[in-house]
Amino acid sequence: MAPIISIKSLSKNYASGTKALDDVSLDIEDGEILALLGPNGAGKTTLISIICGLVNQTSGSVAVGGHDIQADYRAARSLIGLVPQEVAVETFETVISTVRFSRGLFGKRKDDAKIEEILRALSLWDKRNNENRELSGGMKRRVLIAKALSHEPRVLFLDEPTAGVDVTLRREMWDLVRQLRAQGVTIILTTHYIEEAEEMADRIGVMDKGKLLLVKNKSELMADFGRKHLRMELTAPLDAIPEILSGYALQLEDGGRTLVYDYDIHQERTGITRLIADLADAGISVRDLDSEKSSLEEVFLRLVDGETA
């Protein structure tokens with residue numbers, strides 16, 4: 001099956017000399033959730049803006065649903081919904097009028113049942129006759145999502161969708177994203193919240209300095225880059241790590257009550273057996289052991305710091 005979005009050798013140079021995108025190639029599959037991670041200035045928003053027709057590329061090509069975004073921009077754009085970072089809605093318009101108008105901009109026939117369905121899914125139905133200026137910041141962001149969904153796009157871009165919203169609303173939006181994916185909508189989101197990508201994404205792309213460092217299934221990414229932490233709860237606290245254990249790069253936590261040992265899950269020998277023996281030789285008694293995988297945040301930081309698989 002052909003990808004819903006195909007990006008080939010995409011670059012963007014500004015007159016100032018800034019290279020916002022550097023030879024980015026990426027295929028996005030129909031129905032997946034792709035999260036793009038990267039620090040500020042990585043090129044995430046530029047990439048989205050080019051696909052959505054807001055910025056022209058310097059070189060390369062993009063096709064959405066088989067339609068080139070320049071040669072056949074109307075057909076390509078009709079397949080896309082965009083929720084931008086900036087919360088900007090028509091101040092004195094009502095919620096329902098705002099969403100109806102967005103649907104009409106794409107030449108879609110009037111369909112109040114569809115508008116009601118979208119507003120109810122976003123918990124906006126009770127606010128449908130309120131003017132946008134009366135809404136909280138979080139509710140305005142929901143209106144942006146409703147506008148983006150109004151013409152029933154096959155692809156939805158969410159550029160920092162939960163920035164500045166509370167935890168409850170963030171969870172509700174995660175649920176909404178899953179519902180949309182279940183309906184066949186392809187979702188691409190950029191986020192600074194690592195847990196957001198870890199919670200929702202099928203694949204994760206990491207960008208830095210205009211380059212796409214990699215794109216992998218979330219589970220593969222964690223397997224390739226993940227480390228484990230062995231946490232050892234001690235019977236008696238330590239003031240310092242004995243010299244005999246200096247080769248293990250151990251860390252003391254919880255007031256000296258816990259030793260933490262990091263190890264690479266891909267190494268043939270983890271060193272744990274020898275560590276336990278050396279602990280016994282040093283007269284250190286372990287009450288309990290627990291291991292946990294490194295988080296996606298740690299994986300991300302390793303990637304942008306230049307470490308590769």
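**Stop 1: Glu32 and its surroundings**

Select Glu29 and Glu32 in this predicted model: the backbone nitrogen of Glu29 lies 2.8 Å from a polar atom of the Glu32 side chain. Glu32 itself belongs to the loop between strand E2 (19–28) and strand E3.

Now add Arg203 to your selection. Its side chain and that of Glu32 are joined by a polar contact of 2.7 Å. To see more of the surroundings, show Asp27, Val185, Thr186, Ile187 and Asp202 as well; together with Arg203, they are the residues in contact with Glu32 once its neighbours within four places in sequence are left aside.

Is Glu32 buried or exposed? Its relative accessibility is 8%, and because buried means under 20%, Glu32 counts as buried.

**Stop 2: from E3 into the sheet**

Follow the chain from the loop into strand E3, residues 33–37. Then select strand E9, residues 203–208, which pairs with E3 in the parallel sense over four bridges. For one pair to look at, pick Leu37, whose bridge partner in E9 is Val206.

Next, colour the whole sheet. It is an open sheet of six strands, in the order E6-E7-E8-E3-E9-E10, and its pairing is mixed. Why do E6 and E10 (211–217) each have one side without a neighbour in the sheet? They stand at the edges and have a single partner strand each, so one side of each is left free of a sheet neighbour. On average, neighbouring strands here are turned by 15° against each other, with direction ignored.

**Stop 3: strand E7, covered on both faces**

Select E7, residues 155–159. Five of its five residues are buried. Show the side chains and look at each face in turn: Val155, Phe157 and Asp159 are on one side, Leu156 and Leu158 are on the other, and all are buried.

Now look at the strands that pair with E7. E6 pairs with E7 in the parallel sense over four bridges, and here you can find Val83 opposite Leu158. E8 also runs parallel to E7, with five bridges joining the two. Pick Asp159 and then its bridge partner in E8, Thr190.

**Stop 4: helices on the sheet**

Which strands does helix H5 touch as it packs on the sheet? They are E6 and E7, and the direction of H5 makes about 170° with that of E6. Helix H6 packs on the sheet too, touching E3, E7 and E8 (186–190). The direction of H6 makes about 150° with that of E8.

Stay with H5 and select residues 137–149. From its first C-alpha to its last, this helix of 13 residues reaches 19 Å, close to the expected 18 Å. H5 is mostly covered, with 11 of its 13 residues buried; among them are Met139, Val143, Leu144 and Ile145. To see what the buried residues of H5 pack against, show E6 (80–83), helix H3 (95–105), helix H4 (112–121), E7 and H6 (167–182).

**Stop 5: zoom out**

Finally, bring the full protein into view: there are 10 helices and 14 strands. Of its 309 residues, 44% are buried. Turn on the surface, and you have about 15600 Å² of accessible area in front of you, 46% of which belongs to carbon and sulfur atoms. As a last look at the fold, consider contacts between residues at least 6 apart in sequence: 69% of these join residues at least 24 apart.

Terms used. Residues numbered from 1 in each chain as written. Predicted model: local features only at pLDDT ≥ 70, side-chain atom pairs only at ≥ 80, totals over all residues. Heavy atoms only, no water. Expected span 1.5 Å × (residues − 1). Buried < 20%, exposed > 50% of the residue type's maximum accessible area, 1.4 Å probe, protein only. Contact = heavy atoms within 4.5 Å. Pairing = 2+ DSSP bridges. Axes fitted to C-alpha atoms, helices over the stretch in contact; angles between N-to-C directions. Areas by Shrake-Rupley, 256 points an atom, 1.4 Å probe, with all protein chains shown as cover. Polar contact = N/O pair within 3.5 Å; in protein donor to acceptor, adjacent residues only side chain to side chain.
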